[in-house]
Amino acid sequence: MNNVRVRFAPSPTGLFHIGSARTALFNWLYAKHTGGNFILRIEDTDDGRDRKEFLDVLIHGLHWLGLNWDEGPDVGGECGPYFQSQRSDIYQKYIEVLKKSGLSYEKDGALYFKVSHKPQVIHDLIRGNVIREEEKDFVIVRSNGKPVFHLVNVVDDISMRITHIIRGEDHLSNTSKHIELFNAFGVKPPLFAHIPLILKSQGSGKMSKRDTGALIEDYEKNHFIADAVRNYLCLLGWSPKEDREILPLNEIIGLFDIGDVNRNNARFDEKKMSFFNSEYLRALPFGDFYDRALIVLRNSQVAVEKFDTQYVRNVLAICQEKLRSFIELPNFIEYFFVEKITYDREALAKLMAKFDLRTRLREFKLAFELLDIIDETSVENLVHELASNHDVNTGEYIHSVRLAVSGRTVGPSLFGLLRVLGKEVTIGRINSFLFQN
RNA sequence: GCCCUCAUCGUCUAGCGGUUAGGACGUUGGAUUCUCAUUCCAAAAACCGGGGUUCGAUUCCCCGUGGGGGUGCCA
């Protein structure tokens, strides 16, 4: 059986961005789908721009997205080393072959490759056969002795026995050069798959690191759920069909085939990305939600550590279904963790104009104080009873109490909210609201 | 300029000669709910243009137009 070997070959010259991430993802998916190997190779041949910091960000980003590699940095493998900066002896051998074959020549201290001036056929799994002819000879070793991208890329794909080259469409024009090199080494080129580019959501051109949503690290910083980001990325240029979009990774692996990838570029959509994130967030088992929420809160101004664990859990439990993203969490639950809350003045004015807010609060407080058990049912019953006794809408009590105890008009269900806050705090906050307003 | 490539609602896409052109995000309206969010219902919204081929083209071919990429001793 022909074992699939694919590689992701980034150069650490900049932060890890969404286009690269998707290329890595498609390589990874194809490897998983076929039971092949996914190889990470670092193309650090540009010492002017390569930075260790970028490498760290890249490795971290891949791990965050769950794209583990079978061979590469940290894990090793039989085709190592996996840093091009450590493979010069290998390149040297191949360069000698080219020199002996007479397909190269020196000019201005650099080594050039003689192109054949024949049309090269690129067998592309996504685009079919693409024919392109190289017109000019090109440099393969710089005058400073360093081999260039075209050469090392091909040499490594040969020596690492890569079977499928899945990369961005921006490389399509390079590919005829690469095929010439494969031919020069007497090696049958691998199959290619040039995937479409991700375009920026506004304006023209492909996504660049300056565009919002472009950097993988920003998703992590903003507490996006990696599964959601990955799921969304799968859908940029590929579709599972059957009108489905949100689906578990193992299903995607089963369905994904590189030949099904679209040919046209896709525009990035921040809103849809956020939608995916909120769907995943809501679907999180509470234990996971709690763990993640705690990390977010510890990095925020909310002093959760001063509160009882069970209290924190209770707060989070009633908020999960209401939350759309973790970045909103601190602000969303802040009033559970402060001594003195602040009131939304605008909302206050609005409610006061609508009905007699103070009276409703006093009525509520009187009845609430007599309640033995504070839970969803008891509070709900209480509110309904009050509303019917005083012949007003339940909303008048609900809105008033919510504002008095949380300072705002939005939040989790009031009944759960009061249960979590407890009798004492609820009454305290109503009192202080009445005193202040 | 030259070379390569792509083209379905605003966006992501399904479609692979005959469909009321489907879904999703977003937008708008409505229902439910204690607010918000959810959920549900509904609406507006697309086959770039022109030639062919064909009984019949969104679908196949050609041209044009538009988009994207490449055109480095960057990768």
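Q: How many residues surround RNA strand B, and which are the closest?
A: In this predicted model, a residue counts as near the strand if its C-beta atom, placed from the backbone, lies within 6 Å of it. The closest residues to RNA strand B are E43, D108, S204, N264 and S413. The number of residues that surround RNA strand B is 57.

Q: Which class of residue, nonpolar, polar or charged, has 21 members on the surface near RNA strand B?
A: Helices and strands both contribute here, since β6 (128–133), α5 (172–184), β11 (266–267), α9 (270–283), α16 and α17 each supply at least two residues of the surface near RNA strand B. By class, that surface has 17 nonpolar and 19 polar residues, and the class with 21 residues is charged.

Q: Why are α4 and α5 oblique to each other?
A: Helix α4 (residues 149–159) and α5 pack with their axes 10 Å apart and at an angle of about 55 degrees. Angles of 35 to 65 degrees fall outside both the roughly parallel and the roughly perpendicular ranges, so they count as oblique. The two helices α4 and α5 are therefore oblique to each other, given their angle of about 55 degrees.

Q: Which residues of α5 make the contact with α4?
A: The crossing in which α4 passes α5 is right-handed. By class, the contact of α4 with α5 has 4 nonpolar, 4 polar and 1 charged residues. On the α4 side the contact is made by H150, L151, N153 and V154, and on the α5 side by N174, K177, H178, L181 and F182.

Q: Which residues of α17 meet α16?
A: The axes of helix α16 (residues 394–406) and helix α17 (residues 414–421) come within 11 Å and cross at roughly 35 degrees, in a crossing that is left-handed. By class, the contact of α16 with α17 has 6 nonpolar, 1 polar and 1 charged residues. From α16 the contact involves I398, V401, R402, V405 and S406, which meet, in α17, L414, L417 and L421.

Q: Why is α17 largely enclosed by the rest of the structure, and which helices do its buried residues pack against?
A: Because 7 of the 8 residues of α17 are buried, this helix is largely enclosed by the rest of the structure. The buried residues of α17 are L414, F415, L417, L418, R419, V420 and L421. These buried residues pack against α11 (309–319), α15 (376–390), α16 and α18 (423–436).

Definitions and conventions. Residues are numbered from 1 along each chain as its sequence is written. Chains are lettered from A and ligands numbered from 1 in the order in which they are written. This is a predicted model: local features need pLDDT of at least 70, side-chain atom pairs count only at pLDDT 80 or more; totals for chains, interfaces and linings use all residues. Axes are lines fitted to C-alpha atoms, for helices over the stretch in contact, and angles run from 0 to 180 degrees between N-to-C directions. Helices (H or I, at least four residues) and strands (E, at least two) are DSSP runs, numbered from the N terminus. A crossing is left-handed if the near helix is turned anticlockwise from the far one by less than a right angle, and right-handed if clockwise. Two residues are in contact if their C-beta atoms, placed from the backbone, lie within 7 Å. Ala, Val, Leu, Ile, Met, Phe, Trp, Tyr, Cys and Pro count as nonpolar, Asp, Glu, Lys and Arg as charged, and the others, Gly among them, as polar. Angles under 35 degrees count as roughly parallel, over 145 as roughly antiparallel, 65 to 115 as roughly perpendicular and the rest as oblique. A residue is buried if 20 or more other C-beta atoms lie within 10 Å of its own, exposed if 12 or fewer, and partly exposed in between; C-beta atoms are placed from the backbone.
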